[in-house]
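Reader: I have a structure open on my screen and would enjoy going through it with you. Could we take it piece by piece?

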Amino acid sequence: MTTILFQSPYSLRSFSTSSSSSNDTEKKQQGTAESLEFQAETRQLLDIVTHSLYTDKEVFLRELISNASDALEKLRHLQNVKQETNCQDAEIPLEIRIDTDELNGTISISDTGIGMSRQEMIDHLGTIARSGSKAFVNELAAQSRNEQGGGLELDPSRGIIGKFGVGFYSAFMVGEKVEVRSKPAFQKEDANPLVWASEGVGTYEISKLADDIRQNRGSTVVIHLKDDQMEYSDEKRVEAVLKKYSNFVNFPIYLNGNRLNTINAIWADEPGNVTDEQYTEFYKYIAHAFDEPLDRLHYRADAPLDIKALFFIPSFHSEKYGMGRMEPSVSLYSRKVLIEAKSPTILPDWMRFVKGVVDSEDLPLSVSREKAQDSALIAKLRKALTRKFINHLNAMARKKPDKYKDEFYKEYAFFLKEGICQDYEFQEPLSKLLYYETSKTMNGELSSLEEYISRCTPEQKEIYYLCAPSRELAVQSPYLEAFEKAGKEVIFVYSAIDDFVMANLEKFQGRKIVSAEKGDLDLGDGKDDKDDESKEKEGNTKIRLNQKESDEFCAWFQQALKDKVAKCKITNRLVSSPAVVTDNESGAMRRMMQLVETQEGGAQSMELPKQQVEINPKHPIITGLYAIREKEPELAKVLAEQIFDNCLMAAGLLDDGRSMLGRLNDILLCVVKDAESK
């Protein structure tokens, strides 16, 4: 028994084999087929590789194209660096050709690379899990280190894709028989092309290629497809797979004579060497888009990994049109070969609107090369890419504020806010990208949180915000009255996610973020109640309730609405409104939760908890209601209910305004009757 190491032009593979005959040497001398047999444990390992390792069978094309690219890269290195001049068929260009034959049920992948001799077929055509490409890179690296004063500079890994040494055997996932025809590029004896053939079950044969079959320099893998895999003899199907996985390899790829890979992998180029037209063409290709990109980020780094990234921000996104949640749109490549399309791990979910590619030569991959393997390293890569993208947005906001606010933020603000609520590690840098209208800006004018702070007085330690459906309603809100009286600026937020963002942030640059609807706000309004008392003495009308009257009114109000009011107290925060509810749940958040409950089959409405009511003791409605509460108890209760519903309406907590119609009609009737009696 002998141990045979055999490696494709693509990867080293080791198998223990035994001769099928004691006359192997004699057969070799006679030029007949040499048959070698795999041992039992080797057949089991081969079965795992060909039937269990890969998720999608279509990746066999990616693996074989990568192998062909490696064979071409090795030849190019020997020609350019080692100045080898005795290359066979020197006039033939370095290229890859794929031919499909539906009639005979075959697919052929040919390269004009380094090729193999008989001994190289025996040594190199099949050592599972031992990569010939990796061995080639290691050999070049050793040579590079040993160069003394020769001025040789090379990157031994540049362009070499293969790493694990299992890719060639993916051909047996779709083929019942695989042939490898090869003619070595540098052969000093016996230059006749050879053919390696196996059905991947027990034996393989090496023999002289028939004279009527032409084989130029390089190798050709011919796969005789299984009956249930005939789809890979269809040109359209093969074209789709090649464009998906191998569209950016370094060498021309031809399918049935037609060039496929016409788009360059511009992410691997220096940004200064790529034109705007090339960026736009590439964006339209990878994003399947027709629009011009709004912006781009071309990023290269050497640590912690070798990273080449190219991100595009489209001019619009589809989620706003009700087309469903977008999938991740950045694909992971290694040495220009697709590893994972639309990778869900390379960027956080809130960045799903970004289109582009990430390529890393150092990224640890699973043996099947279908996904990255080191989760901790991927997490570091994701952080580095996310931080770089956020910095890019900050630079846009600083250098091109109109473009940022009018184009990017208008279209993608929702995603930034989603990131603040989900991605706590980047919550602070993302919060610097938020822009809102405020009580001191013009309609439609946006201001960042940093700009808001720059306008605050030194003694103000809070950032105030008010949630309302629109600017018009925010300006009319009773909650804004106290801030206008105190001269303090309030941020206006118009949606539930904005309210949720503020609650999640809690602080910004050391200042607490506080809702304008919060109770017990100390705004330092400086109003003196004695002014009201002096005015009351001068006139005949009651200006305000005193402390005793206020306590009596609050006790009555709370008792009259005991099922709805948890607490009632007076406040100085109001000017033109009779009352407000404070420390309540957000109306916007309540509506969002109701929507979720309804979608999940829950109740149509959520029970509103008891509220805390703050009364304006100077308002004519309150002073008048205090005066009639004993003389007209039924009318007073109706008015109290209306005041409470008005508070709920102002807070956005009234689920259905139609519930007030009957009461409003009763109040109108009282007004009409009172007018008639005069």
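Reader: Happy to start with a detail: which residue in β25 does Ala579 stand opposite?

Author: Glad to help, and please keep in mind that this is a predicted model. Ala579 belongs to β24, which spans 579–582, and β24 is joined to β25 (residues 611–615) by 4 bridges, the two strands running antiparallel. Across that pairing, the residue in β25 opposite Ala579 is Ile615.

Reader: Nice. Which strands stand at the edges of that sheet, and why is one side of each left without a neighbour?

Author: The sheet is open, with 3 strands in the order β23-β25-β24 and mixed pairing. Each edge strand has a single partner strand, so one of its sides has no neighbour in the sheet. Direction ignored, neighbouring strands here are turned by 25 degrees against each other on average. The edge strands are β23 (565–570) and β24 (579–582).

Reader: Which helix lies across β23 and β25?

Author: Look at residues 547–560, which form a helix. Its direction makes an angle of about 165 degrees with β23. That helix is α16.

Reader: Let's move to the sheet of 5 strands: which strands are at its edges?

Author: This open sheet has the order β12-β13-β16-β14-β15, with mixed pairing, and its twist averages 25 degrees from one strand to the next. The strands at the two edges have a single partner each, so one side of each lacks a neighbour in the sheet. They are β12 (295–301) and β15 (337–340).

Reader: And which residue in β15 does Tyr333 stand opposite?

Author: β14 covers 330–334, and β14 pairs with β15 in the antiparallel sense over 3 bridges. Opposite Tyr333, in β15, stands Leu338.

Reader: For docking-minded people like me, which element gives the largest share of the lining of the largest pocket?

Author: The largest pocket holds about 760 Å³ of space and is lined by 31 residues, with Ile286, Ala287, His288, Ser329 and Lys342 nearest its centre. Two or more lining residues come from each of α6 (235–245), α7 (276–287), β14 (330–334) and β16 (355–359). One of these also lies across β12, β13 and β16, at about 80 degrees to β13. With 4 residues, the largest share comes from α7.

Reader: How many of those lining residues are nonpolar?

Author: Sorting the lining by class gives 7 polar and 7 charged residues. The nonpolar residues number 17.

Reader: Before I set anything up, where does pLDDT stay under 50 with 129 contacts beyond four places in sequence?

Author: The chain averages a pLDDT of 82, and 78% of the residues score at least 70. Where pLDDT is low, the predicted coordinates should not be read in detail. One stretch under 50 is 129–134, with 29 contacts beyond four places in sequence. The stretch you ask about, with 129 such contacts, is residues 1–30.

Technical notes
Residues are numbered from 1 along each chain as its sequence is written. This is a predicted model: local features need pLDDT of at least 70, side-chain atom pairs count only at pLDDT 80 or more; totals for chains, interfaces and linings use all residues. Side-chain values use heavy atoms; hydrogens and water are left out. On a 1 Å grid over the protein atoms alone, a cavity is a set of points where a 1.4 Å probe fits but cannot get out, and a pocket is an open set with protein on both sides within 12 Å along at least five of seven lines; lining residues have an atom within 4 Å of a point. Grid points are joined across faces, edges and corners, and a volume is the space filled by probe spheres set on the points. Ala, Val, Leu, Ile, Met, Phe, Trp, Tyr, Cys and Pro count as nonpolar, Asp, Glu, Lys and Arg as charged, and the others, Gly among them, as polar. Two strands pair if DSSP finds at least two bridges between them. Axes are lines fitted to C-alpha atoms, for helices over the stretch in contact, and angles run from 0 to 180 degrees between N-to-C directions. Contact means heavy atoms within 4.5 Å. pLDDT is the predictor's confidence in each residue, from 0 to 100.
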